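Q: Please take a close look at a single part of this structure, and then let the answer widen from there. I would like each term explained when it comes up.

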Amino acid sequence: MTPPDRIRDPASIDQLLSFTLPDRHARGRMVRLGPVLGRILAAHAYPQGIKELLAEALVLTAVMGALLKRDGSQLTLQAQTEGGVVELLVCDYRDGELRGYVRFDRERLAALGEAPSLGELFGGGYLAVTFDLDATGERYQGVVPLEGLSLARAVEAYFARSEQVPTLIRTAVDLRANRPIAGALLIQHLAEGEEGGARLHARPEHPEWQHVAVLGGSVAPRELVDPDLPLSELLWRLFHEEREVRVQPLAAVSRGCRCSIVHFEEVLARFPKEDRRDMRDDNGVILVDCAFCSREFAIQD
Ligand SMILES: [Zn+2]
């Protein structure tokens, strides 16, 4: 691998990097979110523990979404519980646009104290990962239990169980400073197959995958959230001994919400007339706010 050109790749904030290791039949994605993360978290008055959870979910959604082509295809990450402190967590990514929100029980969360575990937050819950391919209309969904220490481990379990693709994921979140930052690295083994080609013998104990997993797994959390370390330089640190690393140009990630008055009119139209009457204010207007971005819409019913 040739050393990266720092000048053409400054801070890598709100950017995604895609790469392949052709000799190892592996592909990877890296993301680092800054202002985009700050804006998504600021849409609601989330407590610290929920901010950290949502930040991890957002970088996971971005690295998984970056496995898709930018052709209208969408990746959705949804964690759902029955009676958990966190009731619902939804993030999605489409064509470089990212959004997400969390619905939770504020009183029960406060009772958990600082730094609650994944089990305490979700109780018995499930994580659903959905790939919607716009070009072909195909939809792949896998559901795994929300087990383990983090969302990242649950997503690794999704790839292992639902897709049988050995996958390594590392995430880091730093919300202590006034500029929130989060990052993620995802690497997958595509044994014998080029990216987009058929998979044949991908398995966790394959020596070339173990080699890649050791190198990728050596990434330090602080490297993922260091705003002064360009992603291409981090890639160089991890894989500079590899004969060939193919890197695509950085791609921007933005905060995107697809809410519109038309969307909410369609949603309201599905409610019975009596229910809509109860929602109206004195002027016959129904006020709806978008769960993702908190934008408010006044709909004339
Ligand atoms: Zn919205």
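**Starting from Q141**

A: Q141 is exposed, with a relative accessible area of 51% (exposed means over 50%, buried under 20% and partly exposed in between, found with a 1.4 Å probe on the protein chains only). The model is predicted, with residues numbered from 1 along each chain as its sequence is written, and local features are accepted only at a pLDDT of at least 70, side-chain atom pairs only at 80 or more, while totals for chains, interfaces and linings use all residues. Side-chain values rest on heavy atoms, leaving out hydrogens and water.

Q141 belongs to strand β7, which covers residues 139-145 (strands are DSSP runs of E with at least two residues, helices are runs of H or I with at least four, and both are numbered from the N terminus). If we set aside neighbours within four places in sequence, Q141 is in contact with A128, V129 and T130, where contact means heavy atoms within 4.5 Å. With one of these partners, T130, there is also a polar contact of 2.8 Å that joins the two side chains (a polar contact is a pair of N or O atoms within 3.5 Å; within protein, one must be able to donate a hydrogen and the other to accept it, and residues adjacent in sequence count only if both atoms are side-chain atoms). N178, by contrast, is 37 residues from Q141 along the chain, and the C-alpha atoms of this pair are separated by 37 Å.

From this exposed position we can turn to another one. P207, in helix α6, is exposed as well, with a relative accessible area of 56%. Between P207 and I299, which are 92 residues apart along the chain, the C-alpha separation is 59 Å.

Helix α6 also holds L215, and this residue leads us to a neighbouring part of the chain. The C-alpha atoms of L215 and F239 are 6.7 Å apart, although the two residues are separated by 24 places along the chain. Beyond the residues up to four places away in sequence, L215 touches L238, F239 and E242. Two of these partners, L238 and F239, are among the buried residues of helix α8.

Helix α8 runs from residue 231 to residue 239 and is mostly covered, since seven of its nine residues are buried. Besides L238 and F239, the buried set includes L231, S232, E233, L234 and L235. What do the buried residues of α8 pack against? They pack against strands β1 (15-21), β2 (26-33), β9 (181-189) and β10 (246-247), and against helices α6 (207-217) and α7 (221-224).

Strand β2, one of those packing partners, contains R29. R29 counts as buried because its relative accessible area is 4%. A polar atom of the R29 side chain lies 2.9 Å from the backbone oxygen of A66. Helix α2 (48-65) is mostly covered too, with 14 of its 18 residues buried.

Two residues that flank strand β1 deserve a careful look at their backbone. Most residues other than glycine have a negative phi. D14, which sits in the segment before β1, has a positive phi of about 55° although it is not a glycine. H25, placed in the loop between β1 and β2, likewise has a positive phi of about 55° without being a glycine. Are D14 and H25 buried or partly exposed? D14 is buried because its relative accessible area is 10%, whereas H25 counts as partly exposed because its value is 21%.

The last stop is S294, in the loop between β13 (285-289) and β14 (296-300). At 28% relative accessibility, S294 counts as partly exposed. Leaving out residues up to four places away in sequence, S294 touches A43, H44 and D289. The backbone oxygen of A43 is reached by the side chain of S294 at 2.5 Å. S294 and I40 are 254 residues apart along the chain, yet their C-alpha atoms are separated by 9.8 Å.
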